[in-house]
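Okay, thanks for making time, everyone. I'll put the structure up and then talk you through it.

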Amino acid sequence: MTEHGPISDPDRWLMGHPADSPVPEIPEDAVGPGKWMLMHNDLTVAVGPWGVSFGANLTPDDTGIGTWSFEQFKKAMTEGKYKGMDNSRPIMPPMPWESFKNLTEEDLRAIYDYLKSIKPIENVVPAYIPPAQTE
Ligand code: HEM
């Protein structure tokens with residue numbers, strides 16, 4: 001984030017939330033239905049009624065989508081399945097997968113081929129944190 005707004009960092013292109021970047025304290029009282037959702041200053045962490053989600057590593061490293069098949073990518077993008085696996089959890093906001101579910105096979109293939117062509121970056125993104133359970 002700069003004084004002119006966000007700019008992309010080519011050295012970290014699509015690597016998701018950096019593993020070594022601490023998450024500041026979250027003001028839980030501010031978040032919830034009818035209240036706020038929060039976005040971290042670097043735009044890679046979001047907090048809302050769904051919990052805390054971290055921008056995914058979309059680079060072709062093993063810690064990103066390096067081992068993914070096209071079918072996995074398609075399932076993630078069109079069915080909102082984490083890691084593109086049938087029995088995995090739903091992909092959380094703000095990932096707008098519902099907006100992608102009608103993409104053509106050709107467009108999905110083009111995005112997949114592009115992501116597989118960029119620089120692989122090793123980065124284990126922190127795990128999604130579900131909302132705190134209340135009594
Ligand atoms: C063409 C554009 C996009 C592509 C190809 C894409 C691709 C993906 C994929 C494949 C995943 C699943 C990663 C996994 O299962 O390990 C994911 C997760 C995610 N995406 Fe996107 N995405 C796009 C746009 C966006 C946008 C616009 C946002 C935010 C405004 C976003 C935020 C996220 C977040 C926060 C996650 C992690 C969600 C979770 O852990 O449940 N994505 N994305």
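I'll go from the overall chain to the sheet, then the helices, and finish with the ligand.

One thing up front: what you're looking at is a predicted model. The protein chain has two helices and three strands, and if you read along the sequence the pattern is β-β-β-α-α. The radius of gyration is 16 Å, close to the 14 Å that the globule rule gives for 135 residues, so the chain is as compact as a globular protein of that length. If you want a box for it, the C-alpha atoms fill roughly 45 × 35 × 25 Å along the principal axes. Of the 135 residues, 16% count as buried. And for the contact-map people: taking contacts with a separation of 6 or more, 62% are between residues 24 or more positions apart.

Right, the sheet. What order do the strands come in? It's 1-2-3, an open sheet of three strands with antiparallel pairing. Strand 1 and strand 3 are at the edges with a single partner strand each, so each has one side left without a neighbour in the sheet.

Let's take the pairings in turn. Strand 1, residues 38-39, is joined to strand 2, residues 45-48, by two bridges. These two strands make a hairpin with five residues between them, and in that turn leucine 43 has a positive phi of about 65°. Then strand 2 goes on to strand 3, residues 51-54, with four bridges, and that hairpin has two residues linking the strands.

Valine 47 is a handy one to click on. Its bridge partner in strand 1 is leucine 38, and it stands opposite valine 52 in strand 3.

On to helix 2, residues 105-117. It spans 18 Å from its first C-alpha to its last, close to the 18 Å expected for its 13 residues at 1.5 Å a residue. So how many of those 13 residues are buried? Zero; helix 2 is hardly covered.

Last stop, the ligand. There are 17 residues around it, and the ones that come nearest are Ala56, Ala76, Met92, Pro94 and Met95. By class, that shell is 14 nonpolar, two polar and one charged. Which element gives the largest share of the shell? That's helix 1, residues 70-79, with three residues.

That's my tour, so let's open it up for discussion.

Key. Residues are numbered from 1 along each chain as its sequence is written. This is a predicted model: local features need pLDDT of at least 70, side-chain atom pairs count only at pLDDT 80 or more; totals for chains, interfaces and linings use all residues. A residue is near a molecule or strand if its C-beta atom, placed from the backbone, lies within 6 Å of it. Ala, Val, Leu, Ile, Met, Phe, Trp, Tyr, Cys and Pro count as nonpolar, Asp, Glu, Lys and Arg as charged, and the others, Gly among them, as polar. The expected span of a helix is 1.5 Å times one less than its number of residues. A residue is buried if 20 or more other C-beta atoms lie within 10 Å of its own, exposed if 12 or fewer, and partly exposed in between; C-beta atoms are placed from the backbone. Two strands pair if DSSP finds at least two bridges between them. The radius of gyration is taken over C-alpha atoms; the globule rule is 2.2 Å times the number of residues to the power 0.38. Two residues are in contact if their C-beta atoms, placed from the backbone, lie within 7 Å.
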